[in-house]
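Colleague: I have just opened this one and don't know my way around yet. Can you walk me through it?

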Amino acid sequence: MAVKGYKAAARRALEQQPEVREAVTRATLHFDQNRERAFGEVEAEAWRDWAAATKRHTLSRLDGYLLEAEQRLSARGAEVHWAEDAEDAQRILRELVGRYGVRRVVKGKSMLSEELEVNGLLERLGVEVFETDLGEYIIQLAGEPPSHIVGPAIHKGLEEIRALFREKLGTPPDASPEELAAAARRVLREAFLTAGMGISGANFVVAETGTVVLVENEGNIRLTTSAPKVHVALVGIEKLLPRACDLEVFLQLLARAATGQKIGTFVSLINGPRRPDEPDGPEHLHVVFVDNGRTSVLADREMHEALSCIRCGACLNACPVYRQTGGHAYGQVYSGPIGIVLTPGLKDPALADELGYACSLCTACADVCPVRIPLPKQILAWRVRSAGRAPATERAAFRSYAALMTRPRFYKLSGKLLRLAAPLTGAPWLPVLGAWAAGHGALEPSPKSFREIWEEEFEGA
Amino acid sequence: MRVCFFVTCLADQFFAEAAADAVRLLRALGAEVRFPRAQTCCGQPAYNAGHWDEARKMAAHTQEVFEGCDYVVLPSGSCTTMLRAYSPRLFEGDRPRYEAALDLAGRSYELVEFLVKVLNAESVGRGLAGRRVAYHHGCHVSRELGVKEEPLRLLEAAGAEVVPWEADQECCGFGGVFAVKNAPVSLAMADRKLDTVPEVDVLTSADGACLLHLAGRAKQRGLGVPVRHVASLLWEAHRGG
Ligand code: SF4
């Protein structure tokens with residue numbers, strides 16, 4: 001994906017797709033209000049402190065917890081794999097597809113699989129892929145990436161989905177949301193019964209018990225992980241929790257932060273492949289622990305807390321910038337505040353040069369993050385790193401600005417000049433303010449500066 | 001009590017009358033106000049843009065200017081946040097400067113916060129009776145300084161009706177360098193605020209930068225709602241009784 005692009009993409013989204021702004025604003029405000037209510041029902045601040053501390057602790061001993069999880073999983077008959085990067089993960093998947101002769105895959109919603117570009121790989125291997133989360137299925141039909149961590153299709157209005165389903169699935173032009181869901185279900189039911197492999201992500205993995213934990217609202221992940229003969233769980237190495245009892249709070253925090261629910265409708269705790277006396281479940285369970293840049297984030301003094309993220313999407317919902325454009329403008333798998341922080345760390349620091357400024361530093365995200373990631377501080381830290389690479393004009397502007405502001409006499413003089421020049425130029429007082437002023441018509445300076453008023457009115461008074 | 005007024009560069013040049021109203025009000029309430037002439041800008045534009053070397057120079061200058069003041073009062077929540085919360089971060093590797101920054105942080109107050117918390121004002125006067133007001137919670141004032149109720153209390157004590165506003169807590173879209181680098185998004189955010197403003201006589205805030213942004217946008221769109229800094233409204237409240 002392009003290093004540059006947020007600016008242009010955001011402008012395009014605003015100019016050409018005003019309906020996105022409307023759909024996203026409505027959906028995120030709704031989510032955000034639900035979160036606020038659900039946080040209000042519990043001792044949210046204490047939970048957040050505890051969750052943040054638990055995550056911090058886990059990350060500080062991640063290697064130990066990963067080995068513990070591997071041991072438990074293996075003991076129950078799961079096969080554990082380690083992938084250093086996307087290529088590595090793709091190699092493992094390719095091998096598994098070949099090993100089991102898979103022609104069809106059903107997938108539960110997984111941001112990590114987006115990161116690893118799993119669908120593209122499977123298609124190249126001639127394997128049919130079905131996204132089974134309804135939102136994810138919609139954007140798969142539309143040929144788009146997800147635009148939100150939790151609600152992949154929240155940027156789409158009902159009309160657009162109707163038209164899409166009509167074209168792809170032959171539903172009537174005035175189909176109700178229920179009819180649309182039913183049409184998708186008919187296709188997916190067939191897929192569940194015939195797929196040779198189910199691929200999921202993981203919300204958490206418990207080290208103590210080697211349990212893969214999946215949270216959802218539709219029941220599709222449950223089918224994805226139990227109907228096909230083979231289940232592959234793709235797990236970011238940061239998803240570890242030390243003990244099973246930690247789930248009590250994390251499951252509630254996740255659901256409350258994401259959608260305002262007390263807990264997800266379906267919570268699956270997977271401990272291994274089907275045992276001889278069990279009626280269902282896959283014959284083979286593969287857990288792929290994926291790094292893909294995470295260890296370098298972990299090693300970054302200013303950014304490591306970002307790995308505490310439980311992908312609840314609350315920071316996206318609270319973000320007034322995200323609301324205007326939706327997630328596609330960011331041009332990356334992860335959008336919104338957490339996307340700005342994670343993407344340059346996972347992929348390429350230079351990505352921060354544009355993404356880092358897709359934020360007004362309003363700090364609304366910090367208020368809602370259930371694990372207290374200091375998102376605004378981290379976004380700013382990326383800016384500090386980017387500033388050295390900023391265009392020469394920008395650096396020069398800030399240098400002369402600082403020079404002006406540390407010389408009171410010149411500062412005073414420049415204020416005078418501003419007032420003199422205003423009628424002539426429309427007064428972009430600072431070079432950096434010029435572009436801003438353009439969106440407002442002329443910025444008019446006060447007829448007298450405060451300094452002048454002070455001298456006339458207050459001095460000696 | 002030596003109260004030093006830090007007008008802030010934006011207020012000095014772009015809403016000087018509101019800043020003067022702040023001083024008039026402080027004096028009327030019995031504070032002895034001084035104006036250290038060497039003051040310039042707190043450095044926040046450079047800080048937010050990531051140009052920390054420049055921000056450091058300005059922050060150091062500000063430290064020197066306000067040495068020896070018991071209190072530093074600003075008609076801007078955003079610049080107060082720079083002194084209170086951000087400036088110390090700039091000097092984490094520089095012990096004397098860091099301590100000076102913390103010291104200044106402890107003495108710095110946003111205007112309304114100062115009126116309520118230090119001068120213990122419950123009311124500044126009743127002169128806003130019958131006025132319908134929409135209050136914009138600037139992000140820094142409300143989230144970083146935790147000043148949320150104070151301005152509403154003073155406005156209501158002055159007789160104004162603070163009308164509920166769906167987007168009153170949302171960012172106006174200014175964000176300094178953000179408005180420059182991503183102007184279309186910034187303006188869309190201002191529009192969201194302006195589109196949801198209820199029927200009121202005046203739109204106000206404790207943050208002049210937000211108001212400048214909103215007022216500029218409102219003007220360009222031909223919207224009629226008057227925009228005034230809370231310092232001016234409170235001064236009016238005082239003068240009107
Ligand atoms: S950063 Fe925090 S709020 Fe955002 S998705 Fe992650 S856990 Fe949720």
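**Domains, strands and a ligand**

Modeller: Start with two domains: domain 1 of chain A and domain 2 of chain A bury about 2500 Å² between them, and carbon and sulfur atoms give 56% of that area. Buried area here is the accessible area, with a 1.4 Å probe, that two parts lose on being put together, summed over both. This is a predicted model, where local features need pLDDT of at least 70 and side-chain atom pairs count only at pLDDT 80 or more, while totals for chains, interfaces and linings use all residues. Residues are numbered from 1 along each chain as its sequence is written, chains are lettered from A and ligands numbered from 1 in the order in which they are written, and side-chain values use heavy atoms, with hydrogens and water left out.

Colleague: Which residues supply 26% of the area that domain 1 of chain A buries against domain 2 of chain A?

Modeller: A:Phe39, A:His328 and A:Arg372, and no other three residues supply more. The contact (heavy atoms within 4.5 Å) takes 29 residues from domain 1 of chain A and 30 residues from domain 2 of chain A.

Colleague: Where are the domain bounds in chain A?

Modeller: Domain 1 is 1-41 + 317-389, domain 2 is 42-292 and domain 3 is 407-459. Those bounds come from an automatic or database domain assignment. The C-alpha centres of domains 1 and 2 of chain A lie 23 Å apart.

Colleague: And chain A overall, how many helices and strands?

Modeller: Chain A has 23 helices and 10 strands. Both are DSSP runs numbered from the N terminus: helices are H or I with at least four residues, strands are E with at least two. Along the principal axes, the C-alpha atoms fill a box of roughly 95 × 55 × 45 Å. Of the 461 residues, 57% count as buried, meaning under 20% relative accessible area, where over 50% is exposed and in between is partly exposed (1.4 Å probe, protein chains only). Among contacts between residues at least 6 apart in sequence, 74% join residues at least 24 apart.

Colleague: Let's look at a strand. Why is E6 of chain A largely enclosed?

Modeller: Strand E6, residues 211-216, has 6 of its 6 residues buried, so the rest of the structure largely encloses it. A:Thr211, A:Val213 and A:Val215 point one way, A:Val212, A:Leu214 and A:Glu216 the other, and all are buried. In a regular strand, side chains alternate between the two faces of the sheet.

Colleague: What does E5(A) pair with, and in which sense?

Modeller: Strand E5 (residues 204-206) of chain A pairs with E6(A) in the antiparallel sense over 3 bridges; a pair needs at least two bridges found by DSSP. A:Phe204 has A:Val213 as its bridge partner in E6(A). The hairpin of these two strands has 4 residues between them, and there A:Gly210 takes a positive phi near 65°.

Colleague: How many bridges join E6(A) and E9(A)?

Modeller: 5, in the antiparallel sense, with strand E9 covering residues 266-270. In E9(A), A:Val267 is the bridge partner of A:Val215, and A:Leu269 is that of A:Val213.

Colleague: What is the strand order in the sheet?

Modeller: E8-E5-E6-E9 in chain A, an open sheet of 4 strands with mixed pairing. E8 (240-241) and E9 are at the edges with a single partner strand each, so one side of each has no neighbour in the sheet.

Colleague: Different topic. Which residues are closest to the ligand?

Modeller: A:Cys309, A:Cys312, A:Gly313, A:Cys315 and A:Cys369, out of 13 that surround the ligand. A residue is near if one of its heavy atoms lies within 4 Å. The shell has 11 nonpolar, 1 polar and 1 charged residues. Ala, Val, Leu, Ile, Met, Phe, Trp, Tyr, Cys and Pro count as nonpolar, Asp, Glu, Lys and Arg as charged, and the others, Gly among them, as polar.

Colleague: What about the domains of chain B?

Modeller: Chain B has domain 1 (2-118) and domain 2 (132-240). Their C-alpha centres are 21 Å apart. They bury about 2100 Å² between them, 71% of it on carbon and sulfur atoms.

Colleague: Which strands pair with E5(B)?

Modeller: E6 (residues 161-162) pairs with E5(B) in the parallel sense over 2 bridges, and E7 (residues 202-205) in the parallel sense over 4 bridges. B:Val133 has B:Val162 as its bridge partner in E6(B) and stands opposite B:Val202 in E7(B).
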